[in-house]
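Please look over the model shown below. A set of questions and answers on its fold, core and surface comes after it.

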Amino acid sequence: MSSIIAIAVLSVRSAVRSKVFASLLVLLLLVIAGLPLVVRGDGTPNGEAKIILHYTLGLAAIVLGIATVWSSCGTIALEVEGRQMQLAAVKPVSEIEIWFGKWLGVLFLNAVLLLGAGLAVELLLRHRTATRFASAAD
């Protein structure tokens, strides 16, 4: 089990070091911030919330799906280029442990990205509804 966790930590460290993670986070936040500016609701706070939640989280799921493939391929390519994969292959670690460790690392990256997306949507929703309620109260 410790070898799986070690491989997962190396995968996460490699993704963070190669700036894949940072670029995916920026892309995800741009999608979340930009989509409500493009898509308009019916003007009610309930309609605004539905637009933000449905479209933004749906597009975030698509971006995370693409991010999974991109980060997986990127980290494996960097490990093969840096000869880290060859070092892991000659260790007394089975292929399933390497695969599961890589999967666990990508799963962790996706969880962090999803948490960031959820927090950004929450902040956006609170800001937009507070702005709508404040202007409607005046």
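The questions below concern a predicted model.

Q: In what order do the elements of the protein run from the N terminus on?
A: The protein is made with five helices and zero strands. With no strand to place, the order from the N terminus is α-α-α-α-α.

Q: What percentage of contacts between residues at least 6 apart in sequence join residues at least 24 apart?
A: A contact here means heavy atoms within 4.5 Å. Among the contacts in the protein between residues at least 6 apart in sequence, the share that joins residues at least 24 apart is 82%.

Q: What percentage of the residues of the protein count as buried?
A: To count as buried, a residue must have under 20% relative accessible area. The protein has 138 residues, and the share of them that counts as buried is 32%.

Q: What share of the area that the protein exposes do carbon and sulfur atoms supply?
A: The protein exposes about 8600 Å². Of this area, the share supplied by carbon and sulfur atoms is 73%.

Q: Which helix gives the largest share of the largest nonpolar core?
A: This core has 21 residues, and those with the most contacts inside it are L24, L28, I32, I52, L109, L113 and A117. At least two core residues come from each of α1 (2-17), α2 (20-38), α3 and α5. The largest share is seven residues, and the helix that gives it is α5.

Q: Which residues does I52 touch, not counting those up to four places away in sequence?
A: I52 is among the residues with the most contacts inside the largest nonpolar core. Leaving out residues up to four places away in sequence, I52 touches P36, L57, V121, L124, L125 and R128.

Q: Is T56 buried or exposed?
A: T56 belongs to helix α3, which spans residues 45-81. Beyond four places in sequence, its contacts are I32, L35, P36, I51 and V121. The relative accessibility of T56 is 1%, so T56 counts as buried.

Q: Which residues form the nonpolar patch on the surface with about 540 Å² of accessible area together?
A: One member, W103, is placed in helix α5 (residues 95-137). W103 has 41% relative accessibility and therefore counts as partly exposed. Together with W103, the patch of about 540 Å² takes in I96, W99, F100 and L107.

Q: Why is the pair of F100 and W103 stacked?
A: A search of the whole structure gives one aromatic pair. Its two residues, F100 and W103, lie three residues apart in helix α5, about one turn of the helix. Planes under 30 degrees apart count as stacked. The ring centres of F100 and W103 are 5.4 Å apart, and the pair is stacked because the planes are at 25°.

Q: How is F100 classed, with a relative accessible area of 31%: buried, partly exposed or exposed?
A: The class between buried and exposed runs from 20% to 50% relative accessible area. With 31%, F100 is partly exposed.

Q: How far apart are the closest N and O atoms of R126 and E122?
A: Side chains of opposite charge can pair when their charged atoms come close. A search of the whole structure finds one salt bridge. R126 and E122 are four residues apart in helix α5, so about one helical turn separates them. In the salt bridge of R126 with E122, the closest N and O atoms are apart by 2.5 Å.

Q: Which class of exposure does E122 count in?
A: R126 has a relative accessible area of 56% and is exposed. E122 has 34% relative accessibility, so E122 counts as partly exposed.

Conventions. Residues are numbered from 1 along each chain as its sequence is written. This is a predicted model: local features need pLDDT of at least 70, side-chain atom pairs count only at pLDDT 80 or more; totals for chains, interfaces and linings use all residues. Side-chain values use heavy atoms; hydrogens and water are left out. Patches are made of residues with over 30% relative accessible area and no salt bridge: like charges are joined within 9 Å, nonpolar side chains (Val, Leu, Ile, Met, Phe, Trp, Tyr) within 5 Å. Accessible areas come from the Shrake-Rupley method with a 1.4 Å probe; for residues, only the protein chains shown count as cover. A salt bridge is a side-chain nitrogen of Lys or Arg within 4 Å of a carboxyl oxygen of Asp or Glu. Buried means under 20% relative accessible area, exposed over 50%, partly exposed in between (1.4 Å probe, protein chains only). A nonpolar core is a set of buried Ala, Val, Leu, Ile, Met, Phe, Trp, Tyr and Cys residues joined through side-chain atoms within 4.5 Å. Rings of Phe, Tyr and Trp (its six-membered ring) pair if their centres lie within 6.5 Å; planes under 30 degrees apart count as stacked, over 60 as edge-to-face and the rest as tilted.
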